[in-house]
Protein chains: 2
Amino acid sequence: MRFSKKVEYALIAMVEMAQQSGYSELVTARSLSKEYRIPPEILSKVLQKLTRIGLLQSVQGIKGGYTLAKPVDQINLLEVVESIDGPLRLVACNTGRPCDCEQFLFCNIQTPMQYIQDEFAQLLRTITLKDLLTRMKGDFTWVYDQKNFNKIDKLVGQSV
Amino acid sequence: MRFSKKVEYALIAMVEMAQQSGYSELVTARSLSKEYRIPPEILSKVLQKLTRIGLLQSVQGIKGGYTLAKPVDQINLLEVVESIDGPLRLVACNTGRPCDCEQFLFCNIQTPMQYIQDEFAQLLRTITLKDLLTRMKGDFTWVYDQKNFNKIDKLVGQSV
DNA sequence: ATTAAATGCGACCAAAAAAGTCGTATTTAT
DNA sequence: ATAAATACGACTTTTTTGGTCGCATTTAAT
């Protein structure tokens with residue numbers, strides 16, 4: 001019952017991109033992976049998926065990078081989640097066919113669970129990247145606290 | 001991003017118990033596990049957890065079994081899920097402490113994700129066992145289709 | 001009393017999913 | 001030509017989940 005790490009990485013990256021570039025400048029996978037301690041190969045693949053699906057735009061080559069493909073209020077959480085992890089499925093038995101879970105013919109919760117899934121999907125659909133940005137005020141106080149940066153600088157032995 | 005099998009088993013069992021007993025008669029783990037093809041040891045442990053948390057009542061001994069401890073409209077999904085899987089946590093970094101995810105001091109989505117989790121928890125809190133029961137009308141048409149029962153009878157080589 | 005059928009637990013093993021790594025190709029500004 | 005970036009797939013490791021085994025306790029029926 002967790003979002004996958006990849007989805008977290010996607011959201012971290014997109015939030016950062018929204019703050020940094022404002023749709024204009026490019027951000028590289030490498031810089032993001034450094035800043036947020038995300039394995040670069042994984043982050044790259046995540047960003048590539050988001051690009052293929054049309055949430056990001058990419059530019060190849062030595063001056064390349066990524067940028068948001070749409071305004072922040074037009075990117076909702078459901079698209080992000082489904083871009084990375086595939087179609088939302090809260091239970092095993094809602095694939096369209098009558099029921100293919102282990103309890104097949106006897107499953108008694110298929111229809112109700114479908115309803116719950118629809119509700120959750122709707123919730124994710126109503127939350128946009130913009131909502132995330134407006135809700136992260138509290139984080140700034142410590143994310144950009146200089147003491148923390150110094151601590152990390154020491155920790156990893158390099159400038160951030 | 002799935003409910004665990006154990007949570008599914010819990011819901012299947014509780015829905016069945018609500019239909020069968022109407023709070024009076026006892027249902028055994030064994031009969032449920034047979035009817036829904038759930039490994040009996042697992043189902044037992046699930047029902048035991050639900051009992052400890054107070055959602056079911058149990059009676060030990062040879063005539064024992066389980067029954068719902070509360071009316072169906074007073075059992076919500078959040079209690080069921082948290083009884084089985086522990087506190088709801090959609091992301092790694094909302095444990096109360098500032099942030100203990102891999103991106104620790106740099107995580108920029110902690111607060112927004114907490115908000116999403118709260119919204120989802122509220123959704124689960126508003127859905128009761130009664131809602132599940134009223135939404136499963138569609139299932140009856142095939143769950144109780146005699147042809148299916150015959151098919152299963154042949155499949156497992158015993159009366160159901 | 002003995003037995004059988006039920007709940008109650010904990011330790012352990014196996015399978016599946018997720019996370020992460022490695023290698024290589026392609027693109028493009030310098 | 002080179003360096004730094006995206007693009008992509010195969011593979012390995014780790015973690016989580018699902019499932020199994022064994023044993024103890026309770027209690028109705030004989």
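# Report on a predicted protein–DNA model

Of the atoms of DNA strand D that lie within 4 Å of the protein, 71% belong to sugar or phosphate, and the rest belong to bases. The structure described here is a predicted model. This report treats the surroundings of the two DNA strands, then the fold of chain A, a helix pair in chain B, and several individual residues.

## DNA strand D

Strand D is surrounded by 24 residues, of which the closest are S58(A), K5(B), K45(B), Q60(B) and I62(B). By class, the residues of the surface near DNA strand D comprise eight nonpolar, nine polar and seven charged.

Several polar contacts can be named. An N or O atom in the side chain of K45(B) is 2.6 Å from a base oxygen of DNA strand D. The side chain of Q60(B) places a polar atom 2.9 Å from a sugar or linking oxygen of the strand. For G61(B), a polar backbone atom is 3.4 Å from a base oxygen of DNA strand D. Two or more residues of this surface come from each of the following elements: α2 (29-36), α3 (40-53), β1 (56-59) and β2 (65-68) of chain A, and α1 (5-20) and α3 (40-53) of chain B.

## DNA strand C

Around DNA strand C there are 24 residues, and K5(A), K45(A), Q60(A), Q48(B) and S58(B) come nearest. Of the atoms of this strand within 4 Å of the protein, 71% are sugar or phosphate atoms and the rest belong to bases. The surface near DNA strand C divides into eight nonpolar, nine polar and seven charged residues.

In chain A, a polar side-chain atom of K45(A) lies 2.5 Å from a base oxygen of strand C, and a polar backbone atom of G61(A) is 3.4 Å from a base oxygen of the strand. In chain B, an N or O atom in the side chain of S58(B) is 2.6 Å from a phosphate oxygen of DNA strand C. The elements giving two or more residues to this surface are α1 (5-20) and α3 of chain A, with α2 (29-36), α3, β1 (56-59) and β2 of chain B.

The table lists polar contacts with the two strands.

| Residue and part | Partner atom | Distance |
|---|---|---|
| K45(B), side chain | base oxygen, DNA strand D | 2.6 Å |
| Q60(B), side chain | sugar or linking oxygen, DNA strand D | 2.9 Å |
| G61(B), backbone | base oxygen, DNA strand D | 3.4 Å |
| K45(A), side chain | base oxygen, DNA strand C | 2.5 Å |
| G61(A), backbone | base oxygen, DNA strand C | 3.4 Å |
| S58(B), side chain | phosphate oxygen, DNA strand C | 2.6 Å |

## Fold of chain A

Chain A contains eight helices and two strands. Along the sequence, these elements follow the pattern α-α-α-β-β-α-α-α-α-α. Of the 160 residues in chain A, 48% are buried. Among contacts in chain A with a separation of 6 or more, 63% join residues 24 or more positions apart.

One buried position is I84(A), with a relative accessibility of 5%. I84(A) belongs to helix α4 (residues 77-85) of chain A. Beyond its neighbours within four places in sequence, I84(A) is in contact with K6(A), V7(A), A10(A), V46(A), K49(A) and L50(A). The C-alpha atoms of I84(A) and Q48(A) are 9.8 Å apart, although the two residues are separated by 36 residues along the chain.

## Helix packing in chain B

Two packed helices are described by the angle between their axes and the distance between the axes. For α1(B) and α3(B), the angle is about 75 degrees and the axes are 10 Å apart. The helix α1(B) is therefore roughly perpendicular to α3(B). In this packing, K6(B), Y9(B), A10(B), A13(B) and M14(B) of α1(B) meet I42(B), L43(B), V46(B), L47(B) and L50(B) of α3(B). The contact has nine nonpolar, no polar and one charged residues.

## Individual loop residues

N76(B) lies in the loop between β2 (65-68) and α4 (77-85) of chain B. N76(B) counts as buried because its relative accessibility is 14%, under the 20% limit. Its side chain reaches the backbone nitrogen of L78(B) at 2.9 Å. Leaving aside neighbours within four places in sequence, N76(B) is in contact with L124(B), R125(B), I127(B) and T128(B).

Most residues other than glycine have a negative phi. R37(A), which is not a glycine, has a positive phi of about 55 degrees. R37(A) is in the loop between α2 and α3 of chain A and is partly exposed, at 21% relative accessible area. In chain B, R37(B) has a positive phi near 55 degrees. R37(B) is in the loop between α2 and α3 of chain B and counts as partly exposed at 22% relative accessibility.

Key. Residues numbered from 1 in each chain as written. Chains lettered and ligands numbered in written order. Predicted model: local features only at pLDDT ≥ 70, side-chain atom pairs only at ≥ 80, totals over all residues. Heavy atoms only, no water. Near = heavy atom within 4 Å. Polar contact = N/O pair within 3.5 Å; in protein donor to acceptor, adjacent residues only side chain to side chain. Helix = DSSP H or I, 4+ residues; strand = E, 2+ residues; numbered from the N terminus. Nonpolar A, V, L, I, M, F, W, Y, C, P; charged D, E, K, R; others polar. Axes fitted to C-alpha atoms, helices over the stretch in contact; angles between N-to-C directions. Parallel < 35°, antiparallel > 145°, perpendicular 65-115°, else oblique. Contact = heavy atoms within 4.5 Å. Buried < 20%, exposed > 50% of the residue type's maximum accessible area, 1.4 Å probe, protein only.
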